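Please work through the following exercises with the sequence and the model at hand. Each task is followed by a solution in steps.

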Amino acid sequence: MTDIVPLTRSRRTHHSDATASLEDVATVHPVHGFADDFEAVLDDTSVHRSTIGCVIPAYNEEESIAQVIESLLGQTRVPDVIHVVVNNTSDATVKLASQYAGPHEVVTELGEQFTEVFVHDIGKNPDKKVGALNYGYTLVEGYDYLLGVDGDTVADAKAVEYLEAEATSDTRIGGISAIYSIDDKPIKGGLAKFLTTGQRSQFAAFNLHNLLRGRNMAVLGGQFSIFSTHALRDVMKENHQSTPWVKDSEVEDSLLSLQIKSAGYLTKISPFARADVGGMTTLRALDAQQVKWTYGAIELMWPGQRGDTKGQPFHPNLRVRWLEHFDMLMNMFVRIAFVTLLAASLSIGAFVFSYWWLIPPVVAIALNTRMALTMHNRNARDVLFGLTLVPAEIYMWIRCSHFVRSWTRFLSRKKVDNWAMQAKAERGGGFGHWTPLILAIAVIVAMVAIWMMLPVMVQSTVLWIGWPIVGVVTVLQTLSMFFKLIRRHHGYKV
């Protein structure tokens, strides 16, 4: 158990408007962001103890911010200071976070610890989350490590302890990410539960893939990751940046991970630290989030788009992303081609059933089920998601629509604020997530019309050529799934 004892009842909340300068921050906080009380603690310390400054960028997080702060105060290794940086908010985030502002003595199994919570309302911030992160960095740059925590992420009690232990064990480590999942217990509604289960499966596959790659993490997710401030300073120097995070990227965490790797550091995933992130419970919110992530990844991958990612597109982290996109392209091709050829064959009575076609779905079921069984906090829905195949297949079609939307938006060269679109979608606005379905219906109608006008000989030729191609690709994809199925997991749980 962890006992939290506030030292004062006063609320030490620091507010600033959109024009507040970093010099103003320096007048409130000592050099390098150390709180006076914490410096006093260090003066009495004879053995070096690594220092951790936590930064929580928060935007309209009134539903979760209290639980996030409580989870940090309930850690066995409490961060030495916690800065909640509220930006562009229109709800009660500041009010709720301020209830925790001030110094705290925390007694854990590791002994008595001290921390202090500061709340900063920086008002309107055009750089959004990136601006909040960089603001927070100026407050903790003198600490050994920066712990980045999203305003909707709740960590297990030993998460910080595990991250710190590994980070201090190897000076080559530039950053370590926790294993992410979604707590589905509070989720209500059939659609929301289905989407959450799909996201849990998606996170599990991503985490396991990184764990089995020598625990090398392609993306140090900002949800709950610890960064060496020495590595961040090297990144800034090497890339001629005044801040660790840059505002001209849709995926600030992916870009920073690339830069840390390019600076010669390791980017790892912890096999023990765990954190639950906020899931998307509506189709429009999920679409906006996934499109933003995929669009940002494409921007990093595409040659010439970003001159500061050396070796692109052959950077080690980017090679993984290219493989992910190629795999998604194959998933789309097999599904669309199979459904199209099946409908075409049935239309002229040329379909001949073969039991060989049952092998791919059987292997897929086995793989999805094994993935569910590797989940640390799995439940019946996770297992049924894999066993019954249909939910996983529907979710894959949804992911395919996100994939198409992302590439279409990128190739159109249309400038879009994906951050703003995600925020709008989470508020219930926008109908862009229906675009792939509308286009699919239009394409199907056109293809049916063209197919009906073709002579029977031409139709037969199309089927004669199409089925072998689909068959070869399906065999290759099935072999890939089979090798993943029999691959040793080395006891990892995601």
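The exercises below concern a predicted model and proceed from the whole protein to single helices and one residue.

**Exercise 1.** State how many helices and strands the protein has, and what share of its residues count as buried.

*Solution.* The protein has 17 helices and 11 strands. Of its 494 residues, 50% count as buried. The accessible surface comes to about 23,600 Å², and carbon and sulfur atoms contribute 63% of that area.

**Exercise 2.** Determine whether the span of helix α12 agrees or disagrees with the expected value, and identify what covers its buried residues.

*Solution.* Helix α12 comprises residues 359–373, that is, 15 residues. The expected span is 1.5 Å times one less than the number of residues, so 21 Å is expected for α12. Its end C-alpha atoms are 21 Å apart, which agrees. The buried residues of α12 include P360, V363, A364 and L367. An α-helix has 3.6 residues a turn, so residues three or four places apart point the same way. The cover over the buried residues of α12 includes α7 (190–211), α13 (380–387) and α17 (456–486).

**Exercise 3.** Explain why helix α10 is described as largely enclosed.

*Solution.* Helix α10 covers residues 283–301. Of its 19 residues, 16 are buried, and therefore the rest of the structure largely encloses α10. From first to last C-alpha, α10 reaches 26 Å, close to the expected 27 Å.

**Exercise 4.** Is T108 buried or exposed, and which backbone atoms does its side chain reach?

*Solution.* T108 lies in strand β5 (residues 102–108). Its relative accessible area is 9%; buried means under 20%, so T108 is buried. The T108 side chain reaches the backbone oxygen of T76 at 3.0 Å and the backbone nitrogen of L110 at 3.0 Å.

Definitions and conventions
Residues numbered from 1 in each chain as written. Predicted model: local features only at pLDDT ≥ 70, side-chain atom pairs only at ≥ 80, totals over all residues. Heavy atoms only, no water. Helix = DSSP H or I, 4+ residues; strand = E, 2+ residues; numbered from the N terminus. Buried < 20%, exposed > 50% of the residue type's maximum accessible area, 1.4 Å probe, protein only. Areas by Shrake-Rupley, 256 points an atom, 1.4 Å probe, with all protein chains shown as cover. Contact = heavy atoms within 4.5 Å. Polar contact = N/O pair within 3.5 Å; in protein donor to acceptor, adjacent residues only side chain to side chain.
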